[in-house]
Amino acid sequence: MRKAKVSRIPSPEAASNEPQAGPFSLVIFGASGDLTKRKLIPALFRLTESNLLPENWYVLGSGRTSMDDESFRVVVRKSLQELSGSGPARKESEDRFATRFHYLAGDSQDSAYYPRLAKRLTALDKSHRISGNRIYYLATPPDNYPGIIKCLGESGLNRPVKTAEWNRIIIEKPFGTDLASAQSLNRKVAQVFKEDQVYRIDHYLGKETVQNILFLRFANAIFEPLWDRRYIDHVQITVSEEIGIEHRAGYYERAGALRDMFQNHLLQLLCLIAMEPPASFDPDTVRDERTKVLKSFRPIPPDKIDQFAVRGQYGPGLVNGRPVPGYREEPGVAPDSPTETFSALKLYIDNWRWQGVRFYLRSGKRLAKRKAEIAIEFKWVPHLLFKPLTPKDIQANTLVFRIQPEEGIQLTFQSKHPGPKLCLDNVMMEFDYRGSFKGPSPDAYEHLLLDCLVGDSMLFARRDWVELSWAFITPILEAWSKAPGVPIYLAGSTGPREAEMLAEQDKRHWRPL
Ligand code: BG6
């Protein structure tokens, strides 16, 4: 396929409306864990380097691992080594950054820990000259969430000391394991925090190219008139990974692909594609529209789950030419595990805009390629006057949001092939995010931490959204738990044959990975 580039039109002053965060403290429960090292510390550092954090702030890490401030700062420095940059100025800013980190070892499930926590916070607020704004970040295993939330409530730490201040809580995924557990967790959260204090994180919503879906749809006049059942044939959402479950068998065995990727990330992507234009760019107005999409999902009849949902589990194979073990051979995985590492869904949205349009979603581990994209495939012209150059190459117009790894947007369309014959050929117009804006996009956690600091909950999941998404997913999980026998696919492939058939039964085809 021939490609044409799209360039950014340089503007003299790129519109920068970054909101300013005020002084704050961040209490991380589960601070000795992986998320803190891999995501939170680097995100805070980059925000500091971009001058997006205020002068006064600190982190208090909480965890069972016995550490003091100094040993926690060693963890902080180590996690910064992964980032690019060096030199004396960088060393100085890393040292200054590390001094903001403190640690209080203890058992977050024990109410006796909280008076100590409160005392330490009061002392740190004073030494860092902060009047009280605070975020609690739950990065522990999810079984610990209810205990922490309850203790925060009983100790009064859920409430800000002065009325002009705020206390917020960020809750990592997974938020529940099915509808009943998500509802129960929501009830426990609501006993202690008001909904506007609660930030349920979904890092996909913080990805630059995911946010760009809203900009493409609602800041351009040319796409929206085509954005419905009259012009769109179907939508495909793919999130494929090359990695396996890494060292997360304990979590993954109980989760599986549907819980891990669909209930949150893929359904959020779908909502951004399918939502109506919001009346304003206010967090709750946008979240209302995302929620309405879920309310319009056509429920899958329990006896027809197989026609709409398929699963698979990777067997041994080659990924990028390297042999990899099958899922059941991974450390910590049961030799007869039924857990799915791949899922694909077909669903319909019963409203005026989307009636009859199919949405195909797939995600899996140990597939041929790492790729996340949303493809909007338009209908064919009603009557084709011209002959394709090679019939198999001709594609319907397709608009693709490339979320990762090469972030961008591409549009395929037909053009006349040069020469005397009246032949059609596919061409592609491509907008490359990195090339146009010079440099990598900020990490999702940078966006989301900053949003929480300024009180913007637009890119977080609201209580009703979470429950509706579980209401859709839970019947599929229940049906699968009653029907053992997960199809095995070859690691390094595009997933199980059953997934191909999900599209082929409608005479549609998945895009190549
Ligand atoms: C996480 C899942 O939420 O998202 C992981 O728990 C998955 O299993 C990850 O690998 C994918 O995120 P990303 O940003 O690497 O696409």
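A nonpolar surface patch of about 630 Å² is formed by Trp380, Val381, Leu384, Leu385, Phe386 and Leu422, where a patch is built from residues with over 30% relative accessible area and no salt bridge, nonpolar side chains (Val, Leu, Ile, Met, Phe, Trp, Tyr) being joined within 5 Å and like charges within 9 Å. The model is predicted, and local features need pLDDT of at least 70, side-chain atom pairs count only at pLDDT 80 or more, while totals for chains, interfaces and linings use all residues. Residues are numbered from 1 along each chain as its sequence is written, and side-chain values use heavy atoms, with hydrogens and water left out.

**Surface patch**

- Phe386, one of the patch residues, sits in the loop between strand 13 (371-378) and strand 14 (387-388); helices (H or I, at least four residues) and strands (E, at least two) are DSSP runs numbered from the N terminus.
- Phe386 is classed as partly exposed because its relative accessible area is 42%, the classes being buried under 20%, exposed over 50% and partly exposed in between, with a 1.4 Å probe and protein chains only.

**Ligand surroundings**

- The residues around the ligand, meaning those with a heavy atom within 4 Å of it, are Lys173, His203, Tyr204, Lys207, Glu241, Arg248, Asp260, Met261, His265, Lys365 and Gln404.
- By class, this shell holds 2 nonpolar, 3 polar and 6 charged residues, with Ala, Val, Leu, Ile, Met, Phe, Trp, Tyr, Cys and Pro counted as nonpolar, Asp, Glu, Lys and Arg as charged, and the others, Gly among them, as polar.
- Helix 9 (residues 257-274) gives the most to the shell, with 3 residues.
- Polar contacts (pairs of N or O atoms within 3.5 Å; within protein, one must be able to donate a hydrogen and the other to accept it, and residues adjacent in sequence count only if both atoms are side-chain atoms) include one in which an N or O atom in the side chain of Lys173 is 2.8 Å from a ligand oxygen atom.
- For Glu241, the separation between a side-chain N or O atom and an oxygen atom of the ligand is 2.5 Å, and for a polar side-chain atom of His265 the corresponding value is 2.7 Å.
- The ligand has 390 Å² of accessible area on its own, of which the protein covers 82%, the areas coming from the Shrake-Rupley method with a 1.4 Å probe and, for residues, only the protein chains shown counting as cover.

**Salt bridges**

- A salt bridge is taken as a side-chain nitrogen of Lys or Arg within 4 Å of a carboxyl oxygen of Asp or Glu, and by this rule the count comes to 34.
- Glu241 and Lys365, both listed around the ligand, also meet each other in a salt bridge of 2.7 Å, N to O.
- That pair links distant parts of the chain, 124 residues apart, with Glu241 in the loop between strand 8 (232-240) and helix 8 (249-255) and Lys365 in the loop between strand 12 (358-364) and strand 13; both residues are buried.
- Asp506 forms a salt bridge with Lys346 (3.0 Å, N to O), a pair 160 residues apart that connects the segment after helix 15 (497-504) with strand 11 (residues 342-347).
- Asp506 counts as buried because its relative accessible area is 12%, and Lys346 is buried because its relative accessibility is 6%.
- Asp506 also forms a salt bridge with Arg358, the closest N and O atoms being 3.3 Å apart; Arg358 lies in strand 12, 148 residues from Asp506 along the chain.
- A network of salt bridges links Asp284, Arg287, Asp288, Arg462 and Asp464.

**Buried helix**

- Helix 7 (residues 208-218) is largely enclosed by the rest of the structure, because 9 of its 11 residues are buried.
- The buried residues of helix 7 are Glu208, Thr209, Val210, Gln211, Asn212, Ile213, Leu214, Leu216 and Arg217.

**Backbone features**

- Most residues other than glycine have a negative phi, and most peptide bonds are trans.
- A cis peptide bond, with omega about 0 degrees, joins Lys173 and Pro174, and Pro174 lies in the loop between strand 6 (167-171) and helix 6 (179-192).
- The peptide bond from Gln404 to Pro405 is also cis, with omega near 0 degrees, and Pro405 is placed in the loop between strand 15 (398-404) and strand 16 (408-416).
- Asn51 has a positive phi near 55 degrees and is exposed, with a relative accessible area of 62%.
- Arg366 has a phi near 55 degrees, likewise positive, but is buried, with a relative accessible area of 11%.
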